[in-house]
Amino acid sequence: SREPHLRTVLVTNIPRNLRSSHKISSYFKHVYPNAVKNVILCQNLIDLEKHVSKRTDVLSRIENELLLLCRSEKKKLYEQS
């Protein structure tokens, strides 16, 4: 598809001398030309880190359930034939 993909990248432990939107944007535009739309700096990430961790856990559970479902459906197909 030609639709743009939405991505958010969390970058941590940035050296103090590089902690500006301009410097980070320049770096990523150099490494990934035409891929960076904007850069937002966040100082307090405690809540964000909690949400990211929760999201990761939920995604892991969803992936496990999908795997179980696929195995179950595959088994049903073999039993029918």
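**Exercise 1. Determine whether Asn 13 is buried or exposed, and describe its backbone and its place in the chain.**

Solution. In this predicted model, Asn 13 has a relative accessibility of 75%. The cut-off for an exposed residue is over 50%, so Asn 13 counts as exposed. The next step concerns the backbone. Most residues other than glycine have a negative phi. Asn 13, although not a glycine, has a positive phi of about 60 degrees. Its place is in the segment that precedes helix H1, which covers 21-31.

**Exercise 2. Carry out the analysis of phi, place and accessibility for Asn 34.**

Solution. Asn 34 is not a glycine, yet its phi is positive, at about 60 degrees. Asn 34 belongs to the loop between H1 and helix H2, the latter covering 46-80. Its relative accessibility is 73%. Because exposed means over 50%, Asn 34 counts as exposed.

**Exercise 3. State the secondary structure of the protein and decide how its radius of gyration relates to that of a compact globule.**

Solution. The secondary structure consists of 2 helices and 0 strands. For 81 residues, a compact globule would have a radius of gyration near 12 Å. The protein has 20 Å instead. The dimensions can then be added: along the principal axes, the C-alpha atoms fill a box of roughly 65 × 35 × 20 Å. Burial comes next, and buried residues amount to 6% of the 81 residues. Finally, the accessible surface is about 8,300 Å², and carbon and sulfur atoms account for 55% of this surface.

**Exercise 4. Find how far apart in space Leu 77 and Ser 21 lie, and do likewise for two further pairs, Asn 17 with Cys 70 and Ser 53 with Ser 81.**

Solution. Begin with Leu 77, a residue of helix H2. At 57% relative accessibility, Leu 77 counts as exposed. Leu 77 and Ser 21 are separated by 56 residues in sequence and by 54 Å between their C-alpha atoms.

The second pair starts from Asn 17, which lies in the segment before H1. Asn 17 is exposed, its relative accessible area being 54%. Between Asn 17 and Cys 70, which are 53 residues apart along the chain, the C-alpha separation is 49 Å.

For the third pair, Ser 53 is located in helix H2. With 39% relative accessibility, Ser 53 counts as partly exposed. Ser 53 and Ser 81 are 28 residues apart in sequence, and their C-alpha atoms are 43 Å apart.

**Exercise 5. Establish how many residues in sequence and how many Å in space separate Lys 23 and Val 39.**

Solution. Lys 23 is part of helix H1. Its relative accessible area is 44%, so Lys 23 is partly exposed. In sequence, Lys 23 and Val 39 are 16 residues apart. In space, C-alpha to C-alpha, Lys 23 and Val 39 are 9.7 Å apart.

**Exercise 6. Identify the residue with which Lys 76 forms a salt bridge, and place the pair in its helix.**

Solution. Side chains of opposite charge can pair when their charged atoms come close. The partner of Lys 76 is Glu 73, and their closest N and O atoms are 3.3 Å apart. The cut-off for a salt bridge is within 4 Å, and by this rule the count is 1 salt bridge. Lys 76 and Glu 73 are 3 residues apart in helix H2, so about one helical turn separates them. With relative accessibility of 42%, Lys 76 counts as partly exposed. Glu 73, at 37%, likewise counts as partly exposed.

The charges of the whole protein complete the solution. There are 15 positive and 8 negative side chains. The centres of these two sets are 10 Å apart.

**Exercise 7. Name the residues that make the nonpolar surface patch, and classify Leu 66 by accessibility.**

Solution. The patch is made by Val 58, Leu 59, Ile 62, Leu 66 and Leu 69. Its area is about 400 Å². Leu 66 lies in helix H2. Its relative accessibility is 47%. Partly exposed is the class between under 20% and over 50%, so Leu 66 counts as partly exposed.

Methods. Residues are numbered from 1 along each chain as its sequence is written. This is a predicted model: local features need pLDDT of at least 70, side-chain atom pairs count only at pLDDT 80 or more; totals for chains, interfaces and linings use all residues. Side-chain values use heavy atoms; hydrogens and water are left out. Helices (H or I, at least four residues) and strands (E, at least two) are DSSP runs, numbered from the N terminus. Buried means under 20% relative accessible area, exposed over 50%, partly exposed in between (1.4 Å probe, protein chains only). The radius of gyration is taken over C-alpha atoms; the globule rule is 2.2 Å times the number of residues to the power 0.38. Accessible areas come from the Shrake-Rupley method with a 1.4 Å probe; for residues, only the protein chains shown count as cover. Lys and Arg count as positive and Asp and Glu as negative; His and the chain ends are not counted. The place of a charge is taken as NZ of Lys, CZ of Arg, CG of Asp or CD of Glu. Patches are made of residues with over 30% relative accessible area and no salt bridge: like charges are joined within 9 Å, nonpolar side chains (Val, Leu, Ile, Met, Phe, Trp, Tyr) within 5 Å. A salt bridge is a side-chain nitrogen of Lys or Arg within 4 Å of a carboxyl oxygen of Asp or Glu.
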